[in-house]
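Work through the exercises below with the sequence and the coordinates at hand. Try each task before reading its solution.

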Amino acid sequence: MATVEISGLKKAFGAVEVIRSVNLKIEDGEFVALVGPSGCGKSTLLRIISGLEPATDGEILIDGRIVNSLTPRERNIAMVFQNYALYPHMSVAQNMGFNLKLSGLKRSEIDTKVKEVAKLLELDALLDRKPGQLSGGQRQRVAMGRAIVRDPAAFLFDEPLSNLDAKLRVQMRSEIKTLHQRVKTTSIYVTHDQIEAMTLADRVVILSGGNIEQVGSPIELYNEPDNLFVASFIGTPSMNLIDATAVSTDMGMAAQLPCGQLVRLHRTQHVQEGQKVVVGIRPEHFVLHTGETALAGTITLVEPTGAQTHVTFKVGEVPVMAVLEGGLLLKAGEQIAASVDPEKVYVFDKQTGRRV
Ligand SMILES: Nc1ncnc2c1ncn2[C@@H]1O[C@H](COP(=O)(O)OP(=O)(O)OP(=O)(O)O)[C@@H](O)[C@H]1O
Ligand SMILES: [Mg+2]
């Protein structure tokens with residue numbers, strides 16, 4: 001196990017800058033997810049950490065030691081990719097011990113090590129089976145077992161679940177998390193799925209266009225997004241983001257929507273009268289209520305999910321989504337008023353995109 005530090009990291013392919021200047025410290029035993037849209041540089045960053053790709057500038061430190069000039073093997077990092085590529089003709093035990101055999105370890109030592117790891121992964125009863133006789137989850141555990149027997153300093157995962165069906169993905173996600181809680185190896189996990197990142201990681205790093213937008217625990221990112229990018233990226237359904245102008249009212253600051261309706265803002269928010277802002281409201285923060293702070297409009301879509309009802313309504317010309325508790329008997333075309341606690345209203349500067 002080890003700390004992994006990235007300092008002033010830059011990467012360009014020819015004239016194209018893919019990683020702009022990334023600084024990140026990952027603690028010993030920590031599980032960090034790198035998440036961001038396609039092409040933002042996630043895999044490139046992972047490949048640079050592993051040593052498969054050289055950095056253009058900056059340093060990678062493992063346990064405080066600069067490893068830029070070391071080969072992947074010397075860095076002692078295990079990569080787990082989308083397809084596990086187990087050898088189909090070998091047993092579980094042979095698959096798990098294969099790398100140790102290559103590095104010249106004695107047969108008895110390999111056996112001991114494989115048995116120890118198999119026990120940890122609850123694979124001890126399956127050691128004689130071939131990969132074809134295992135479930136998807138068991139196969140993944142073998143792939144991880146094969147990495148664990150080498151005692152890597154860290155695990156790097158690049159979208160390991162992306163070609164599984166939805167149900168298996170959720171199951172595997174729990175398996176990976178449970179496994180990390182047991183072995184506590186420092187892990188860096190790349191995904192474009194924010195739910196996967198949130199549910200798995202101690203800390204989530206949000207990347208966009210080769211820059212880190214924000215780093216934080218899942219709850220920090222959800223509660224305190226620094227900017228519009230993070231606000232819209234984290235949370236499903238995503239946060240409503242509505243253009244407005246800050247106005248001063250008898251009841252304190254408010255944001256006026258183009259249709260004239262007002263959203264009250266919490267008094268500690270530093271907005272100036274007349275400032276162009278973007279108001280952020282999470283769909284799940286709406287409650288069905290016609291108080292003075294409510295937004296009113298015409299329902300355009302009702303989507304029941306069982307425990308909740310997703311309602312889209314038009315406030316002026318702006319579509320707004322509310323996730324309301326319970327199975328509600330609402331219909332498109334009806335009027336609705338839903339309110340939100342002013343404490344839970346986010347305000348971003350329209351020009352900079354930063355939260356104010
Ligand atoms: N060898 C290469 N030569 C030139 N450009 C590259 C090379 N590898 C990656 N790129 C570019 O660098 C950018 C980042 O690629 P990367 O694979 O890191 O994205 P990603 O975040 O992993 O995306 P995805 O979610 O689609 O896997 C992309 O624009 C890609 O086209
Ligand atoms: Mg990728």
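**Exercise 1. Is His 310 buried or exposed, and why?**

Solution. Keep in mind that this is a predicted model.
- Step 1: Locate the residue. His 310 sits in strand 17, which runs over residues 308-315.
- Step 2: Take its relative accessible area, which is 15%.
- Step 3: Apply the cut-off. Buried means under 20%, so His 310 with its 15% is buried.
- Step 4: List the contacts beyond four places in sequence. They are Pro 237, Leu 301, Val 302, Glu 303, Thr 305, Met 321, Ala 322 and Val 323.

**Exercise 2. Describe the chain as a whole.**

Solution.
- Step 1: Count the elements. The chain has nine helices and 20 strands.
- Step 2: Take the extents. Along its principal axes, the C-alpha trace spans about 80 × 45 × 30 Å.
- Step 3: Check burial. The chain has 356 residues, and 49% of them count as buried.
- Step 4: Check the surface. About 16900 Å² is exposed, with 50% of it supplied by carbon and sulfur atoms.
- Step 5: Look at sequence separation. Take the contacts between residues at least 6 apart in sequence; 65% of these join residues at least 24 apart.

**Exercise 3. Which residues surround ligand 1, and which polar atoms approach its oxygen atoms?**

Solution.
- Step 1: Collect the shell. It consists of Phe 13, Val 18, Pro 37, Ser 38, Gly 39, Cys 40, Gly 41, Lys 42, Ser 43, Thr 44 and Glu 159.
- Step 2: Sort the shell by type. Four residues are nonpolar, five polar and two charged.
- Step 3: Ask which element gives the most. Helix 1, residues 42-50, does so with three residues.
- Step 4: Search for short polar distances. An N or O atom in the side chain of Lys 42 is 2.8 Å from an oxygen atom of the ligand. A polar backbone atom of Cys 40 is 3.2 Å from a ligand oxygen atom. For a polar side-chain atom of Ser 43, the distance to an oxygen atom of ligand 1 is 2.8 Å.
- Step 5: Compute the cover. On its own, ligand 1 has 640 Å² of accessible area, and the protein covers 54% of that.

**Exercise 4. How many residues of helix 1 are buried, and which are they?**

Solution.
- Step 1: Count. Seven of the nine residues are buried, so helix 1 is mostly covered.
- Step 2: Name them. They are Lys 42, Thr 44, Leu 45, Leu 46, Ile 48, Ile 49 and Ser 50.
- Step 3: Read on past the end of the helix. Gly 51 follows, with a positive phi near 100°.

**Exercise 5. Place Thr 191 and trace its surroundings.**

Solution.
- Step 1: Find the element. Thr 191 belongs to strand 8, residues 186-191.
- Step 2: Judge exposure. The relative accessibility of Thr 191 is 0%, so the residue counts as buried.
- Step 3: Find a side-chain partner. The Thr 191 side chain forms a polar contact of 3.4 Å with the side chain of Glu 196.
- Step 4: Widen the search beyond four places in sequence. Thr 191 touches Leu 34, Val 35, Gly 36, Lys 42, Glu 159, Glu 196 and Ala 197.
- Step 5: Link back to the ligand. Lys 42 and Glu 159, both in contact with Thr 191, are also among the residues around ligand 1.

**Exercise 6. Which elements do the buried residues of helix 3 pack against?**

Solution.
- Step 1: List the buried residues of helix 3 (92-102). They are Val 92, Asn 95, Met 96, Gly 97, Asn 99 and Leu 100.
- Step 2: Find their partners. These buried residues pack against helix 2 (72-75), helix 4 (107-120) and helix 5 (136-148).
- Step 3: Check what follows. Gly 104 comes after helix 3 and has a positive phi, near 85°.

**Exercise 7. Which residues touch the most other members of the largest nonpolar core?**

Solution.
- Step 1: Recall the background. Nonpolar side chains tend to be buried together in soluble globular proteins.
- Step 2: Rank the members. The largest nonpolar core has 44 residues; Met 96, Ile 176, Ile 206 and Ile 234 touch the most other members.
- Step 3: Find the main contributor. Helix 5 gives the most to this core, with five residues.
- Step 4: Separate the other core. Another core, of 28 residues, lies apart from it and includes Val 4, Leu 9, Ile 60 and Leu 207.
- Step 5: Inspect one hub. Beyond four places in sequence, Ile 234 is in contact with Gln 194, Met 198, Ile 206, Leu 221, Tyr 222 and Arg 282.

Definitions and conventions
Residues are numbered from 1 along each chain as its sequence is written. Chains are lettered from A and ligands numbered from 1 in the order in which they are written. This is a predicted model: local features need pLDDT of at least 70, side-chain atom pairs count only at pLDDT 80 or more; totals for chains, interfaces and linings use all residues. Side-chain values use heavy atoms; hydrogens and water are left out. Helices (H or I, at least four residues) and strands (E, at least two) are DSSP runs, numbered from the N terminus. Buried means under 20% relative accessible area, exposed over 50%, partly exposed in between (1.4 Å probe, protein chains only). A polar contact is a pair of N or O atoms within 3.5 Å; within protein, one must be able to donate a hydrogen and the other to accept it, and residues adjacent in sequence count only if both atoms are side-chain atoms. Contact means heavy atoms within 4.5 Å. A residue is near a molecule or strand if one of its heavy atoms lies within 4 Å of it. Accessible areas come from the Shrake-Rupley method with a 1.4 Å probe; for residues, only the protein chains shown count as cover. Ala, Val, Leu, Ile, Met, Phe, Trp, Tyr, Cys and Pro count as nonpolar, Asp, Glu, Lys and Arg as charged, and the others, Gly among them, as polar. A nonpolar core is a set of buried Ala, Val, Leu, Ile, Met, Phe, Trp, Tyr and Cys residues joined through side-chain atoms within 4.5 Å.
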